[in-house]
Amino acid sequence: MFKSLRTLFRPELVLTRSSSSYVTRMRHLMKLKEDDGACLEALRSGHLLLYHWLAPLLQKAPATASTPGLFQLPAINTSDFEGVLDKLGKSRALVNEAVLIACTEQHEAQFSLDVGVLDKSEVERLCGGAFIDLRKAFFLLRGPEAPLVARGQALLRWHQTHGFCSASGHPTFRNQSGSQRVCHSSGQTYYPKMAPVVITLISDGTQCLLGRQATFPRGMYSALAGFCDMGETIEETLRREVAEEVGLELDSWRVSGTQHWPFPQSSFMVACHATVTPGNTQVSLNHEELEDARWFSLQEIEEALRLKKPPRNPEGETPTLWVPPSYAIAHQLVQEWVQQQRSAAR
Ligand SMILES: NC(=O)c1ccc[n+]([C@@H]2O[C@H](COP(=O)([O-])OP(=O)(O)OC[C@H]3O[C@@H](n4cnc5c(N)ncnc54)[C@H](O)[C@@H]3O)[C@@H](O)[C@H]2O)c1
Ligand SMILES: [Mg+2]
């Protein structure tokens with residue numbers, strides 16, 4: 001069993017430490033991104049996050065009274081994993097396919113590696129843990145591990161889907177860190193991309209509007225989201241998406257935060273709170289985009305937030321409302337709205 005990454009990587013501490021330690025760490029990371037030799041050397045003494053066809057390896061965290069049933073990311077030293085490869089009779093060269101995702105405060109580099117070519121259960125047995133679908137993993141991890149595992153998966157996915165140049169059709173080649181791919185025929189350099197998405201929680205002052213797509217799990221509702229069209233500003237996307245999906249004209253809006261989201265192919269989420277006037281709440285649903293959109297009371301939202309994991313919601317029974325996991329920025333918007341409602345009521 002390997003020790004938890006949580007003991008090695010605690011970015012929240014960065015905020016309380018001197019900025020110089022942050023600057024040194026970022027400069028170190030920058031060098032590893034750009035210098036193949038330095039990156040390869042860092043890989044030898046670094047840690048690996050393992051994925052099997054993009055599902056991350058998780059292990060059970062020691063249970064505490066307040067956090068039963070949580071999982072953590074095992075921190076696997078490169079050399080230990082080479083030992084695992086030896087036991088499986090596989091080439092150690094697989095380790096060189098790891099991509100750089102972060103480094104600890106002790107400047108130990110962290111990489112993600114997809115071991116889909118290996119037998120899943122054998123790796124689970126030898127490394128201690130289970131490969132779990134990323135959407136499920138978001139309900140099981142807490143703190144900085146969720147964004148780290150998302151970043152690792154997103155970068156692996158980008159490499160898996162950008163093996164060829166869209167100009168020449170020839171293969172592209174990655175640098176050691178995985179921060180870019182180059183086509184030697186066209187000379188084109190490709191960098192990992194995120195698609196900008198605006199997500200918004202609309203309030204009429206006492207209720208908030210949530211919607212669901214037909215593909216969502218039963219009972220799950222989320223804030224309204226939409227991809228930016230080419231050339232649009234955040235405000236233009238926000239107004240257009242709300243008009244398209246639920247036929248409402250917004251009264252006001254403000255940006256609340258941002259987040260990288262690894263689905264469907266890496267989105268850059270810009271989260272907003274928006275309002276409509278109380279007389280302008282009649283939803284006109286675009287059924288091509290959403291299966292349902294409804295106004296929810298504070299009490300309904302508070303009950304949904306109390307659920308720590310998705311309810312069972314069997315077919316044929318009225319589903320219980322639940323919202324995306326705490327890491328999702330939709331969840332944060334909903335929580336902020338509840339806080340606003342509570343402080344407005346005081
Ligand atoms: N992190 C969160 O809290 C959270 C919550 C809700 C949605 N999301 C994400 O927001 C994303 C966008 O929401 P949506 O599905 O309602 O968007 P949307 O309303 O723009 O509709 C999706 C459709 O837009 C089109 N589209 C345009 N540009 C696209 C692009 N770059 N990539 C993929 N499709 C594109 C496709 O036809 C797609 O079917 C979703 O993929 C979802 O993963 C995140
Ligand atoms: Mg949408």
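How much space lies in the second largest pocket? In this predicted model, the second largest pocket holds about 600 Å³. Its lining is made up of 21 residues, and those nearest the centre are Arg-151, Ala-154, Leu-155, Pro-192 and Met-194. Two or more lining residues come from each of helix H1 (19–34), strand S5 (99–103) and helix H6 (145–161). The biggest contributor is H6, which gives 5 residues. In chemical terms, the lining of this second largest pocket comprises 10 nonpolar, 7 polar and 4 charged residues.

We turn next to the largest pocket. Its space amounts to about 1,200 Å³. A total of 45 residues line it, with Arg-135, Met-220, Trp-261, Pro-324 and Pro-325 closest to the centre. Several elements each supply at least two residues of this lining: helix H5 (134–140), S11, S13, H7, S14, strand S15 (267–275) and H9. Of these, H5 gives the most, with 5 residues. The lining of the largest pocket divides into 27 nonpolar, 9 polar and 9 charged residues.

Where does ligand 1 sit? Ligand 1 is found in the largest pocket. Around the ligand, two or more shell residues are given by each of strand S11 (195–203), strand S13 (224–227), helix H7 (234–246), strand S14 (252–261) and helix H9 (329–345). These five names also appear among the elements that supply at least two residues to the lining of the largest pocket. The shell around ligand 1 has 19 residues, and Gln-213, Ala-225, Phe-227, Glu-245 and Ala-330 come nearest. Sorted by class, the shell contains 12 nonpolar, 4 polar and 3 charged residues.

Which atoms of the protein lie 2.7 Å from an oxygen atom of ligand 1? Here the partner is an N or O atom in the side chain of Glu-245, a residue that is also listed among those nearest to the ligand. Ala-225, another residue on that list, takes part through its backbone: a polar backbone atom of Ala-225 is 2.9 Å from an oxygen atom of ligand 1. For Trp-261, the distance between an N or O atom in the side chain and an oxygen atom of the ligand is 3.1 Å. Ligand 1 taken alone exposes 850 Å², of which the protein buries 64%. Trp-261 thus features twice in this account, once in contact with the ligand and once among the residues closest to the centre of the largest pocket.

Enclosed space is a separate matter. How many cavities of 30 Å³ or more does the structure hold? There is 1 such cavity, and the space in the largest cavity comes to about 40 Å³. Its lining consists of Leu-48, Leu-49, Leu-50, Pro-56, Leu-57, Leu-73, Pro-74, Ile-76 and Val-149. At least two of these lining residues are supplied by each of strand S1 (47–52) and strand S2 (55–60), and the largest share, 3 residues, comes from S1. By class, the cavity lining has 9 nonpolar residues, with no polar and no charged ones. The linings of both pockets, by comparison, include polar and charged residues: 9 polar and 9 charged for the largest pocket, and 7 polar and 4 charged for the second largest.

Note on methods. Residues are numbered from 1 along each chain as its sequence is written. Chains are lettered from A and ligands numbered from 1 in the order in which they are written. This is a predicted model: local features need pLDDT of at least 70, side-chain atom pairs count only at pLDDT 80 or more; totals for chains, interfaces and linings use all residues. Side-chain values use heavy atoms; hydrogens and water are left out. A residue is near a molecule or strand if one of its heavy atoms lies within 4 Å of it. A polar contact is a pair of N or O atoms within 3.5 Å; within protein, one must be able to donate a hydrogen and the other to accept it, and residues adjacent in sequence count only if both atoms are side-chain atoms. Accessible areas come from the Shrake-Rupley method with a 1.4 Å probe; for residues, only the protein chains shown count as cover. On a 1 Å grid over the protein atoms alone, a cavity is a set of points where a 1.4 Å probe fits but cannot get out, and a pocket is an open set with protein on both sides within 12 Å along at least five of seven lines; lining residues have an atom within 4 Å of a point. A molecule sits in a cavity or pocket if more than half of its atoms lie within 2 Å of its grid points. Helices (H or I, at least four residues) and strands (E, at least two) are DSSP runs, numbered from the N terminus. Ala, Val, Leu, Ile, Met, Phe, Trp, Tyr, Cys and Pro count as nonpolar, Asp, Glu, Lys and Arg as charged, and the others, Gly among them, as polar. Grid points are joined across faces, edges and corners, and a volume is the space filled by probe spheres set on the points.
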